[in-house]
Amino acid sequence: MPGGIKLFSEFSLRSVTLKNRVVISPMGTYSAENGNLQPFHHTHYASFAMGGAGLVMIEQTSITRRGRVTNGDPGLWQDSHIAGMRQLVSHMKSYGAKAGIQLNHGGRKSSMQRAFRGNGPLTDADLASGEERWTPMAPSALSLGEGWLTPEAITLGELDGLRQAWASAARRAVLAGFDLIEIHMAHGYLLQNFLSPLANQREDDYGGSLENRMRFPLEVVRAVRAVVPQSMPLFARISATDWIEGGWTIEDSLVLARALSEAGIDLVDCSSGGNLRSGATNSSLGRGPGYQVPFAERIRAETGTPTAAVGMIRTPEFAERIVQDGRADLICLGRQALFDPFWAHHAAEALGVNDGFSEWTPQYGWWLNKWSRALAANGETPMGSEVFPEPAAVAAGRRSRSSRA
Ligand SMILES: Cc1cc2nc3c(=O)[nH]c(=O)nc-3n(C[C@H](O)[C@H](O)[C@H](O)COP(=O)(O)O)c2cc1C
């Protein structure tokens, strides 16, 4: 690896090798129609792939219609969703990125507002604008808080159907050509509802003790593992802590991570939160740089399972330090990637491992390589310049150009 930079070294799980450790974190865009992808999704996801990330994760994608978090969630609950996904996957892969998909069921947070339309319970105004409201399902009939819908408690018979729905959606993801699948067990959605005592107060084999609360999520992992190729990696995104007294803790997560690994999960993606009444995602929490990295570090060190770190990781130097110090194997970027979809390429330049723009799509790279040499002749670099042209020199340049015309 040039310069010993680990962020841009390969990373392999099962038969999949990522060209670098930069992952675009799953981020809902709430822009699908009846689960179907739209042109927006192609522009959005292809930009990240073109921008050099090793792995681009497609946002939370619903395994059933009722499990949608919002009216705009993409789906893989029926075969007709496969073709659109397949097109997107091949588009992303044409830029050398691997394509992952996060499968989800919204649990008690199903049927809420699209984030950019409020991120709370659906209102009458939302319904008047055409949004549909339905009754969520969850381990217990406990709402997230005042104003939120009260879910129906899932029966034992329904659990069977849900296990099958997870497996069917995973099978469709394989048919669409995804390189890997992430099972969403975080952020207050169905599988985390089972894990957290804040949402699970069942009195059967699926509630009570930690072992019982882990039972359904582990059954889902085994059901998914049984239908995907052995060569395909599986990730699980967890909320390493609820950040709430009496809720899920990092110690619980260590137990879960070991069990996940035995059930066939290859990497634990370490997020947190989601059971707060006030917010749909943990991204609304005000936290410092790398605030969830210690979870990825502990799980990796104490269970031996590879991890991904996420949350307020913004600079190339910080990302590099996390992987270099062995605190996580992969770095997921959320909002920083929205701010700069070409972050990975820019990070390679900043860390001194941009090899003549050879990793860029050639339509850009060929020109940028020449451009960077022209910049260097002026004492400038692609990342910026210490040189500020004197007004007189600019005026002289302008005059000489117009006299040539
Ligand atoms: C617009 C947006 C949508 C998100 N949707 C999802 C999602 O679909 N699944 C998920 O696990 N996390 C989701 N998240 C959380 C991000 O993946 C990430 O964990 C979080 O934003 C923290 O990382 P950051 O500080 O780099 O943004 C979302 C975050 C944002 C900003």
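Angles between helix axes that are not under 35 degrees, over 145 or between 65 and 115 count as oblique. This class is needed for one helix pair in the structure described here, which is a predicted model.

The axes of helix 7 (residues 250–263) and helix 8 (residues 293–303) come within 10 Å and cross at roughly 45°. The two helices are therefore oblique to each other. The crossing of helix 7 with helix 8 is right-handed. On the side of helix 7, the contact is made by Ile250, Glu251, Ser253, Leu254, Ala257 and Arg258, which meet Phe295, Arg298, Ile299, Glu302 and Thr303 of helix 8. By residue class, this contact consists of five nonpolar, two polar and four charged residues.

Helix 7 also lies across strand 8 (180–185), strand 9 (234–239) and strand 10, and runs at about 165° to strand 9. These three strands belong to a closed barrel of eight strands, in the order 3-4-5-8-9-10-11-12, with parallel pairing. On average, neighbouring strands of this sheet are turned by 25° against each other, direction ignored. Helix 2 (residues 82–93) packs on the sheet as well, where it touches strand 4 (55–62) and strand 5 (98–104). The direction of helix 2 makes about 165° with that of strand 4.

Strands of a sheet pair through backbone hydrogen bonds, in either a parallel or an antiparallel sense. In the barrel, strand 10 (residues 267–271) pairs with strand 11 (residues 307–310) in the parallel sense, over three bridges. Within this part of the sheet, valine 268 stands opposite threonine 307 of strand 11.

Helix 11 (residues 343–350) contains the buried residues Trp343, Ala344, His345, Ala347 and Ala348. The elements that cover these buried residues include strand 3 (22–24), helix 1 (39–50), helix 9 (316–324), strand 12 (330–333) and helix 10 (335–339). Just after helix 11, glycine 352 takes a positive phi of about 80°.

Positive phi values also occur in two residues that are not glycine, tryptophan 243 and phenylalanine 357. Tryptophan 243 has a phi near 60° and is placed in the loop between strand 9 and helix 7. Its relative accessibility is 33%, so tryptophan 243 counts as partly exposed. Phenylalanine 357, with a phi of about 65°, is found in the loop between helix 11 and helix 12 (362–377). Phenylalanine 357 has a relative accessible area of 6%, and because buried means under 20%, this residue is buried.

Key: Residues numbered from 1 in each chain as written. Predicted model: local features only at pLDDT ≥ 70, side-chain atom pairs only at ≥ 80, totals over all residues. Heavy atoms only, no water. Buried < 20%, exposed > 50% of the residue type's maximum accessible area, 1.4 Å probe, protein only. Helix = DSSP H or I, 4+ residues; strand = E, 2+ residues; numbered from the N terminus. Contact = heavy atoms within 4.5 Å. Pairing = 2+ DSSP bridges. Axes fitted to C-alpha atoms, helices over the stretch in contact; angles between N-to-C directions. Left-handed = near helix turned anticlockwise from the far one by under 90°. Nonpolar A, V, L, I, M, F, W, Y, C, P; charged D, E, K, R; others polar.
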